[in-house]
Amino acid sequence: MSAFKIKTKNLILRHLRESDLLGIYELDSDPLVHKYLGNKPIKTKEEALESIKSNILQHKERGIARWAAIEKSSGEFIGWSGLRLNNDLTFNNQTNFYDVGYRFIPRFWGKGYATESSIVAMDYFFTTMKKELLIGVAEIDNIASNKVLGKIGLQFKEEFKIDDVKANWYELKKDEYAKRMS
Ligand SMILES: CC(C)(COP(=O)(O)OP(=O)(O)OC[C@H]1O[C@@H](n2cnc3c(N)ncnc32)[C@H](O)[C@@H]1OP(=O)(O)O)[C@@H](O)C(=O)NCCC(=O)NCCS
């Protein structure tokens with residue numbers, strides 16, 4: 001079992017585990033959560049387990065995957081946040097890009113947790129992983145997600161389409177990040 005753990009003000013970020021099954025099921029079976037994610041919530045716990053297994057495999061094969069987020073005050077699993085190496089899909093004609101993302105159970109929305117966890121993920125990306133370019137993607141109608149990407153300092157680059165849905169593409173380069181930190 002990995003001992004990886006990052007503590008933020010209100011959250012603990014750690015690797016996903018198969019024991020997160022009920023949390024992932026609650027998260028991904030909720031139509032509200034999937035409103036701007038293609039509207040395809042899962043229906044079974046087997047699908048939730050598949051998704052956890054896929055995340056664990058990503059960690060092993062790609063060295064990074066989204067992290068489970070635990071609320072410190074309650075100890076509850078709230079969803080996930082963090083980084084993904086997208087070498088298995090093409091968005092905006094790009095493959096092989098890292099993006100920052102987040103997905104929480106709705107009762108934990110509106111507490112600043114996406115912003116808080118994404119700032120830590122961004123720091124980890126540039127200072128620990130020492131990568132060059134961080135991407136953010138959000139459907140244009142997903143106001144909360146667009147706000148988070150803007151708040152953490154990703155720069156809007158262009159609009160593109162995921163299937164028929166309009167989405168925004170954001171970028172942050174290492175140099176820009178470093179300039180901001182100095
Ligand atoms: C996107 C998501 C992770 C945001 O999580 P969160 O912890 O509530 O986000 P934060 O609290 O850090 O920030 C959200 C910001 O959006 C704002 N916001 C949210 N809904 C809004 C709305 N309908 N109109 C205007 N602003 C809105 C909040 O006020 C906040 O901004 P503020 O800090 O300036 O007040 C959460 O809504 C979620 O899990 N959605 C479902 C999955 C998803 O869409 N993931 C992103 C895919 S790109």
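Let us start with one residue: K147 is partly exposed, because 13 other C-beta atoms lie within 10 Å. A residue is called buried if 20 or more other C-beta atoms lie within 10 Å of its own, exposed if 12 or fewer, and partly exposed in between, with C-beta atoms placed from the backbone. K147 sits in helix α4 (residues 143-151). Helices (H or I, at least four residues) and strands (E, at least two) are DSSP runs, numbered from the N terminus. The C-alpha atoms of K147 and K174 are 21 Å apart, with these positions 27 residues apart along the chain.

A word on how to read all this. Residues are numbered from 1 along each chain as its sequence is written. The structure is a predicted model, in which local features need pLDDT of at least 70 and side-chain atom pairs count only at pLDDT 80 or more, while totals for chains, interfaces and linings use all residues.

## Around the ligand

Which residues come nearest to the ligand? Of the 20 residues around the ligand, the nearest are W109, A114, T115, A144 and K147. Here, a residue is near a molecule or strand if its C-beta atom, placed from the backbone, lies within 6 Å of it. At least two residues of this shell come from each of β5 (97-104), α3 (113-128) and α4. Helix α4 gives the most, with 5 residues. Sorted by class, the shell has 12 nonpolar, 5 polar and 3 charged residues. In this sorting, Ala, Val, Leu, Ile, Met, Phe, Trp, Tyr, Cys and Pro count as nonpolar, Asp, Glu, Lys and Arg as charged, and the others, Gly among them, as polar.

## The protein as a whole

Now let us step back. The protein has 5 helices and 8 strands. Along the sequence, they follow the pattern β-β-α-α-β-β-β-α-β-α-β-β-α. The C-alpha atoms fill a box of roughly 40 × 40 × 35 Å, taken along the principal axes. For 182 residues, a compact globule would have a radius of gyration near 16 Å, and the protein agrees with its 16 Å. That radius is taken over C-alpha atoms, and the globule rule is 2.2 Å times the number of residues to the power 0.38.

Of the 182 residues, 31% are buried. Among contacts between residues at least 6 apart in sequence, 56% join residues at least 24 apart. Two residues are in contact if their C-beta atoms, placed from the backbone, lie within 7 Å.

## Where two helices meet

Next, look at helix α1 (residues 21-28) and helix α2 (residues 45-62), whose axes come within 9 Å and cross at roughly 110°. That crossing makes α1 roughly perpendicular to α2. Angles under 35 degrees count as roughly parallel, over 145 as roughly antiparallel, 65 to 115 as roughly perpendicular and the rest as oblique. The axes are lines fitted to C-alpha atoms, for helices over the stretch in contact, and the angles run from 0 to 180 degrees between N-to-C directions.

On the α1 side, L21, I24, Y25 and D28 make the contact, and on the α2 side K45, A48, L49, S51 and I52 do. By class, this contact has 6 nonpolar, 1 polar and 2 charged residues. The buried residues of α1 are G23, I24, Y25, L27 and D28, and they pack against α2, β4 (77-86) and β5.

Is S51 of α2 buried, partly exposed or exposed? S51 is partly exposed, because 19 other C-beta atoms lie within 10 Å. Leaving aside neighbours within four places in sequence, S51 is in contact with I24 and D28. S51 and E26 are 25 residues apart in sequence, and their C-alpha atoms are 13 Å apart in space.

## Three loop residues

Finally, here are three residues found in loops.

| Residue | Place | C-beta atoms within 10 Å |
|---|---|---|
| P31 | loop between α1 and α2 | 9 other atoms, exposed |
| N39 | loop between α1 and α2 | 9 other atoms, exposed |
| K130 | loop between α3 and β6 (133-139) | 8 neighbours, exposed |

Most residues other than glycine have a negative phi. N39, however, has a positive phi near 55°, and phi of K130 is also positive, near 55°. As for P31, its C-alpha atom lies 5.6 Å from that of P41, although the two are 10 residues apart in sequence.
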